[in-house]
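Q: I would like to learn how to read a structure of this kind, one feature at a time. Could we begin with a single residue and work outwards from there?

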Amino acid sequence: MGTKYEPMSLARLATHLASADTDRIRWKLVWEFMEEYRWEPAETRAGLLRDEPGPVGDARWDVLLAALAEHLLAQADLAPPAWVDLRVLRRAWFPAELAIHRADALAWAPAAFRKHGVYLSVHDLSAA
């Protein structure tokens, strides 16, 4: 008996992020989500982002999920779900370790990410 493929939702991604041991693994999971999301038909994409993800155990990653949902929905000209408004960092997070990458993120972070306090370059998202 085979199993039917189901694309990863943001809520499922949060579950995987919560059980990941390192940030490196977390980023790989985010990139995997992005790849699956890109291959989904436009009419099913929004459904992958609507349900509020459970806590990851790290506020930065919880907020990243909100920023990601808002960013991807904006690309489809859709409003974000209400739950994203509650997730904002008090102190900005620059996931990049190198100063040059931080400068790039400061200049190129999408609006949804800046709004939530996550400075991740749009180039990093497209590479995901």
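Q: Where is the place of R114 in this predicted model, and is R114 buried, exposed or partly exposed?
A: R114 sits in helix α6, which covers residues 111-116. Its relative accessibility is 37%, and because the partly exposed class runs between the buried limit of 20% and the exposed limit of 50%, R114 counts as partly exposed. When residues up to four places away in sequence are set aside, R114 touches A109 and Y119. R114 and L64 are 50 residues apart in sequence, while their C-alpha atoms are 10 Å apart in space.

Q: Which residues is L64 in contact with, leaving aside its neighbours within four places in sequence?
A: With those neighbours left out, the contacts of L64 are W27, V30, W93, F113, V118 and L120. L64 is also one of the residues with the most contacts inside the largest nonpolar core, together with L10, L13 and F33.

Q: How should I read such a core, and which element gives the most to it?
A: The general idea is that in soluble globular proteins nonpolar side chains tend to be buried together. Here the largest nonpolar core has 34 residues, and at least two of its residues come from each of α1 (10-19), α2 (23-39) and α4 (59-75). The element that gives the most is α4, with ten residues.

Q: What is the volume of the largest pocket, and which residues lie closest to its centre?
A: In general, rolling a probe the size of a water molecule over the atoms shows where empty space is left. In this model the largest pocket has a volume of about 490 Å³, and its lining is made of 17 residues, of which W27, W31, P95, A96 and E97 are the closest to the centre. Both α2 and α7 (122-127) give two or more residues to this lining, with α2 supplying the largest share, six residues. By character, the lining divides into ten nonpolar residues, one polar and six charged.

Q: Is P95 buried or exposed, and where does P95 lie?
A: P95 lies in the loop between α4 and α5, and P95 is buried because its relative accessible area is 19%, where buried means under 20%. Apart from its neighbours within four places in sequence, P95 is in contact with W27, V118, Y119 and L120. From C-alpha to C-alpha, P95 and A105 are 9.0 Å apart, with a separation of ten residues in sequence.

Q: What is the phi of D77, and how should such a value be read?
A: As a general rule, most residues other than glycine have a negative phi. The phi of D77 is near 60°, a positive value in a residue other than glycine. D77 lies in the loop between α4 and α5 (99-108), and its relative accessibility of 71% is why D77 counts as exposed.

Q: Is A107 buried or exposed?
A: A107, which is found in helix α5, is exposed, with a relative accessible area of 56%. The C-alpha atoms of A107 and L78 are separated by 25 Å, and these residues are 29 places apart along the chain.

Q: Which element has the lowest mean pLDDT, and what should I do with that?
A: Where pLDDT is low, the predicted coordinates should not be read in detail. For the protein chain the mean pLDDT is 92, and 96% of its residues reach 70 or more. Among the elements, α7 has the lowest mean, 70, and α1 the highest, 98.

Note on methods. Residues numbered from 1 in each chain as written. Predicted model: local features only at pLDDT ≥ 70, side-chain atom pairs only at ≥ 80, totals over all residues. Heavy atoms only, no water. Core = buried A, V, L, I, M, F, W, Y, C linked by side-chain atoms within 4.5 Å. Buried < 20%, exposed > 50% of the residue type's maximum accessible area, 1.4 Å probe, protein only. Helix = DSSP H or I, 4+ residues; strand = E, 2+ residues; numbered from the N terminus. Contact = heavy atoms within 4.5 Å. 1 Å grid on protein atoms, 1.4 Å probe; cavity = no way out; pocket = protein on both sides within 12 Å on 5 of 7 lines; lining within 4 Å. Points joined across faces, edges and corners; volume = space filled by probe spheres on them. Nonpolar A, V, L, I, M, F, W, Y, C, P; charged D, E, K, R; others polar. pLDDT = per-residue confidence, 0-100.
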